[in-house]
Amino acid sequence: MSNAYDSYEVTPIYEDAYPEGISPRTAGLALPPVSPTETHFAILLLVDVSSSVSAHIDDINVAVGEFIDAVKSDQYARRRADLAIVTFGGSDEVKTVQDFRPVCQSEAPRLQASGCTPMGAGVKKAVTMTIERGHMYDDMGTPKHTPWVVVISDGAPTDEYKEAFALAHQREADGRLATWFIGTPGFSETVALDLTPRVLRLANHDYSEFFKWLAQNTKVISVTHTGTTPQVAPLPEALEVVERPIPNAWYANL
């Protein structure tokens, strides 16, 4: 049976939502939420696939697949969480592997590693996509949680990144974004902390442990009322907070 949402245009154009240099037509094909009357949570994975990651790219693929399967197994999160996957590095520099779609309609990616680390361009793209997803929710009357952008990297930007980081900071200041940085051996703590106070050091490239933690929090947020701070799951031993004591800003906007 069709409903009022079947004819919704899934690539709406909001020219003023895009930073300079990003075209709305490059945002990819997003799918609308499957339960538009329920509160939704948008998560964007921004993954470094530069050549330095090549030894661990299979581990990332497996861990992301496990995350998707874990969220799919939850009766609420599978339809209330919307996932996008963007990579930076490789021949495409910045690539939308999957635009936002319900987790129940998501599949594990097959990422490949090569090239440099255009983190600035990746962050700019990620923030832009969360803006667009928010517009879609608003158009459909769908309540929403603050979106999360999760950056996973073992390096430092090889491109200009200050402008992109400033865009993320402004969204955070407006209460419209929460950014996390998951650093693996070799990452720049200075750069990570310049993006967000939520910086975690991942020991021994244990991506599965991180994604188990992310799946736990996705399930928690999916049943948390808007305006209420979710009870973030305790960090596993594989994750170490870079900046202690944990600043108050860590839990802002979540």
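Modeller: A residue counts as buried under 20% relative accessible area, exposed over 50% and partly exposed in between, computed with a 1.4 Å probe on protein chains only. The model is predicted, so local features need pLDDT of at least 70 and side-chain atom pairs pLDDT 80 or more, whereas totals for chains, interfaces and linings use all residues. Residues are numbered from 1 along each chain as its sequence is written, and side-chain values use heavy atoms, with hydrogens and water left out.

Colleague: Is Asn204 buried or exposed?

Modeller: Asn204 sits in the loop between β6 (199–202) and α6, and its phi is positive, about 55°, although the residue is not a glycine. Its relative accessible area is 70%, which means that Asn204 is exposed.

Colleague: What is the relative accessible area of His205?

Modeller: His205 also belongs to the loop between β6 and α6, and here too phi is positive, near 55°, in a residue other than glycine. His205 nevertheless counts as buried, because its relative accessible area is 17%.

Colleague: In what pattern do the helices and strands follow one another along the protein chain?

Modeller: Helices (H or I, at least four residues) and strands (E, at least two) are taken as DSSP runs and numbered from the N terminus. On that basis the protein chain holds 6 helices and 7 strands. Of its 254 residues, 54% count as buried. Read along the sequence, the pattern is β-α-α-β-β-α-β-α-β-α-β-α-β.

Colleague: Which strands stand at the edges of the sheet?

Modeller: Two strands are taken to pair if DSSP finds at least two bridges between them. The resulting open sheet has 7 strands with mixed pairing, in the order β3-β2-β1-β4-β5-β6-β7. Two of these strands have a single partner strand each, so one side of each is left without a neighbour in the sheet, and they are β3 (94–102) and β7 (239–241).

Colleague: How many bridges join β1 to β2?

Modeller: On one side, β2 (residues 81–88) pairs with β3 in the antiparallel sense over 6 bridges, with Thr87 opposite Lys95 and Val86 opposite Thr96. On the other pairing, Leu44 has Ala84 in β2 as its bridge partner. Strand β1 (residues 41–48) runs parallel to β2, and the number of bridges joining them is 8.

Colleague: Which residues of β2 are buried on the side that does not hold Ala81?

Modeller: Strand β2 is mostly covered, with 8 of its 8 residues buried. Both faces are covered, with Ala81, Leu83, Ile85 and Thr87 buried on one side, and on the other Asp82, Ala84, Val86 and Phe88.

Colleague: What C-alpha to C-alpha distance separates Phe181 from Val150?

Modeller: Phe181 is part of strand β5 (residues 178–183), and this residue is buried, because its relative accessible area is 0%. In sequence, Phe181 and Val150 are 31 residues apart, but in space their C-alpha to C-alpha distance is 5.9 Å.

Colleague: How far apart are the end C-alpha atoms of α6?

Modeller: The buried residues of α6 include Tyr207, Phe210, Phe211, Trp213 and Leu214, and further along Ala215, Asn217, Thr218, Ile221 and Ser222 are buried too. The expected span of a helix is 1.5 Å times one less than its number of residues. For the 16 residues of α6 (residues 207–222) this gives 22 Å, which agrees with the distance between the end C-alpha atoms, namely 22 Å.
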